[in-house]
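Welcome, and please open your viewer. We will go from one selection to the next, pausing at each to see what is there.

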Amino acid sequence: MKIYIDYIFIENFLTTYVLLKECEMLTNYKSRNKNYIIAALVDAIYVCIMLIFKINFLNFILLKLLLVAGIIYIAFLPKKTSQYVKLITMFLVSSIVNLGIFYFTRNLFKIQTTNLFLKIIIYTLFSFVLKIKNKSKKLYNISVILRVGT
């Protein structure tokens, strides 16, 4: 199987950038885009190095958690430990939610698309919902009903 390192680099860079923007929206901690770009570059370079040297990702979970901590520090420069923990938690939760949405659309609905395309859609939805919420300062309950086989 061929793996195109340039595609992996671009996809991981944009994915990390979108996750950082989602983290910003969810926590209301603002930072400069330059910091997000540098943090996303660090993650993309890390993934490319792991692929080039054929290092198994699962053996380096601790290293990946340290990388997430570094990415959050580079992106947001948190001043308090509580902010740092909140940002790391939101980044990881956002990653898991995005992965779940990706898995759900690929397997349940048999939609064949790239991770990058779904990231753009998810980021757009996050932005839209949070802009509506911030305008009215009210929390909305959204119900999604899925009927399979009817």
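A helix is expected to span 1.5 Å times one less than its number of residues. Keep that rule in mind for the first stop, and note that what you have open is a predicted model.

**Stop 1: helix H1.** Select residues 5-27, which make up helix H1. With 23 residues at 1.5 Å a residue, H1 should span 33 Å, and the end C-alpha atoms lie 32 Å apart, so expectation and model agree. Now step just past the end of H1 to Asn-28, where phi is positive, at about 60°.

**Stop 2: the whole chain.** Zoom out and colour by secondary structure. You will find five helices and zero strands, and read from the N terminus the elements run α-α-α-α-α. Of the 150 residues in the chain, 32% are buried. If you display contacts with a separation of 6 or more, 62% of them join residues 24 or more positions apart.

**Stop 3: the aromatic rings.** Show the side chains of Phe, Tyr and Trp. Ring centres within 6.5 Å make a pair, and by this rule the count comes to three aromatic pairs. Select Tyr-17 and Tyr-36: their ring centres are 6.1 Å apart and their planes meet at 80°, which is over 60 degrees, so this pair is edge-to-face. The pair links distant parts of the chain, with Tyr-17 in helix H1 and Tyr-36 in helix H2 (residues 33-52), 19 residues apart.

Is Tyr-36 buried or exposed? Its relative accessibility is 0%, so Tyr-36 counts as buried. Add Phe-76 to the selection, and you have one aromatic cluster made of Tyr-17, Tyr-36 and Phe-76.

**Stop 4: a second tyrosine pair.** How are the rings of Tyr-73 and Tyr-84 arranged? Their centres lie 6.2 Å apart and their planes are at 85°, so the pair is edge-to-face. This pair also links distant parts of the chain: Tyr-73 sits in helix H3 (residues 61-76) and Tyr-84 in helix H4 (residues 81-107), eleven residues apart.

Switch on accessibility colouring here. Tyr-73 has a relative accessible area of 45%, so Tyr-73 is partly exposed, since that value falls between 20% and 50%. Tyr-84, at 24%, counts as partly exposed too.

**Stop 5: the surface.** Finally, hide the side chains and draw the accessible surface. The chain exposes about 10600 Å². Colour this surface by element, and carbon and sulfur atoms supply 69% of the exposed area.

Note on methods
Residues are numbered from 1 along each chain as its sequence is written. This is a predicted model: local features need pLDDT of at least 70, side-chain atom pairs count only at pLDDT 80 or more; totals for chains, interfaces and linings use all residues. Side-chain values use heavy atoms; hydrogens and water are left out. Helices (H or I, at least four residues) and strands (E, at least two) are DSSP runs, numbered from the N terminus. Rings of Phe, Tyr and Trp (its six-membered ring) pair if their centres lie within 6.5 Å; planes under 30 degrees apart count as stacked, over 60 as edge-to-face and the rest as tilted. Buried means under 20% relative accessible area, exposed over 50%, partly exposed in between (1.4 Å probe, protein chains only). Contact means heavy atoms within 4.5 Å. Accessible areas come from the Shrake-Rupley method with a 1.4 Å probe; for residues, only the protein chains shown count as cover.
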